[in-house]
Amino acid sequence: MDSNLRNLKDFFTLYNKVTELCFSRCVDNLSQRDLGGNEDLCVDRCVTKFARFNQNMMKVYVDVQTTINAKRMEEMEENARKAEQQQREQEKERLKEAAATAVLTPVQPPVAGNLSM
């Protein structure tokens with residue numbers, strides 16, 4: 001699902017829940033066309049409370065998520081450094097083994113005396 005569509009869906013879900021909750025808490029008389037003074041004030045306070053709560057939760061979420069992402073990046077960088085160091089050590093070991101098993105062939109010195117030109 002597209003992230004914008006998911007965000008819109010989440011917004012409408014939250015909106016519907018807040019509307020339903022505030023309506024059930026604040027509206028007593030369904031026979032009136034308009035909200036009474038107390039009902040109107042109750043709905044305003046209820047919606048404001050949830051809006052502030054949601055805003056504060058998002059601030060905390062952003063802070064916590066930023067910290068989590070920073071820790072993940074540090075872990076990934078540390079793992080990459082360890083892997084690189086391990087690779088260097090393996091290469092050194094391979095070169096040492098290759099040097100130890102290399103067979104040196106002696107070079108014959110040139111024969112002196114019979115040089116024809």
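Which residues of α2 are buried? The exercises below work towards this and related points.

The model is predicted: local features need pLDDT of at least 70, side-chain atom pairs count only at pLDDT 80 or more, and totals for chains, interfaces and linings use all residues. Residues are numbered from 1 along each chain as its sequence is written, and side-chain values use heavy atoms, with hydrogens and water left out.

**Exercise 1. List the buried residues of α2 and say what covers them.**

Step 1. Set the cut-offs. Buried means under 20% relative accessible area, exposed over 50%, and partly exposed in between (1.4 Å probe, protein chains only).

Step 2. Apply them to α2. Glu39, Val43 and Cys46 are its buried residues.

Step 3. Look for the cover. It includes α1. Contact here means heavy atoms within 4.5 Å.

Step 4. Take Glu39 on its own. Glu39 sits in helix α2. Its relative accessible area is 9%, so Glu39 is buried. Leaving out residues up to four places away in sequence, Glu39 touches Cys26, Val27, Asp28, Asn29 and Gln32.

**Exercise 2. Count the secondary structure elements and check the span of α2.**

Step 1. Count. The chain has two helices and zero strands. Helices (H or I, at least four residues) and strands (E, at least two) are DSSP runs, numbered from the N terminus.

Step 2. Work out the expected span. The rule is 1.5 Å times one less than the number of residues. For the 65 residues of α2 this gives 96 Å.

Step 3. Compare. The end C-alpha atoms of α2 are 95 Å apart, which agrees.

**Exercise 3. Identify the largest nonpolar core and the elements that build it.**

Step 1. Define the set. A nonpolar core is a set of buried Ala, Val, Leu, Ile, Met, Phe, Trp, Tyr and Cys residues joined through side-chain atoms within 4.5 Å.

Step 2. Name the members. The largest such core has five residues: Val18, Cys22, Cys26, Val43 and Cys46.

Step 3. Assign them. α1 (3–26) and α2 (37–101) each give two or more residues. The largest share, three residues, comes from α1.

Step 4. Follow one member. Cys26 touches Glu39, Cys42, Val43 and Cys46, not counting residues up to four places away in sequence.

Step 5. Put the core in context. Of the 117 residues of the chain, 6% count as buried.

**Exercise 4. Find the salt bridges and place them.**

Step 1. Search. The whole structure holds three salt bridges. Each needs a side-chain nitrogen of Lys or Arg within 4 Å of a carboxyl oxygen of Asp or Glu.

Step 2. Pair the residues.

- Arg81 bridges to Glu78, with closest N and O atoms 2.6 Å apart.
- Arg88 bridges to Glu84, with closest N and O atoms 2.5 Å apart.
- Arg94 bridges to Glu91, with closest N and O atoms 2.5 Å apart.

Step 3. Check the spacing. Arg81 and Glu78 lie three residues apart in α2, about one turn. Arg88 and Glu84 lie four residues apart in α2, again about one turn. Arg94 and Glu91 are three residues apart in α2, so about one helical turn separates them. An α-helix has 3.6 residues a turn, so residues three or four places apart point the same way.

Step 4. Check exposure. Arg81 is partly exposed at 48% relative accessible area, and Glu78 is partly exposed at 32%.
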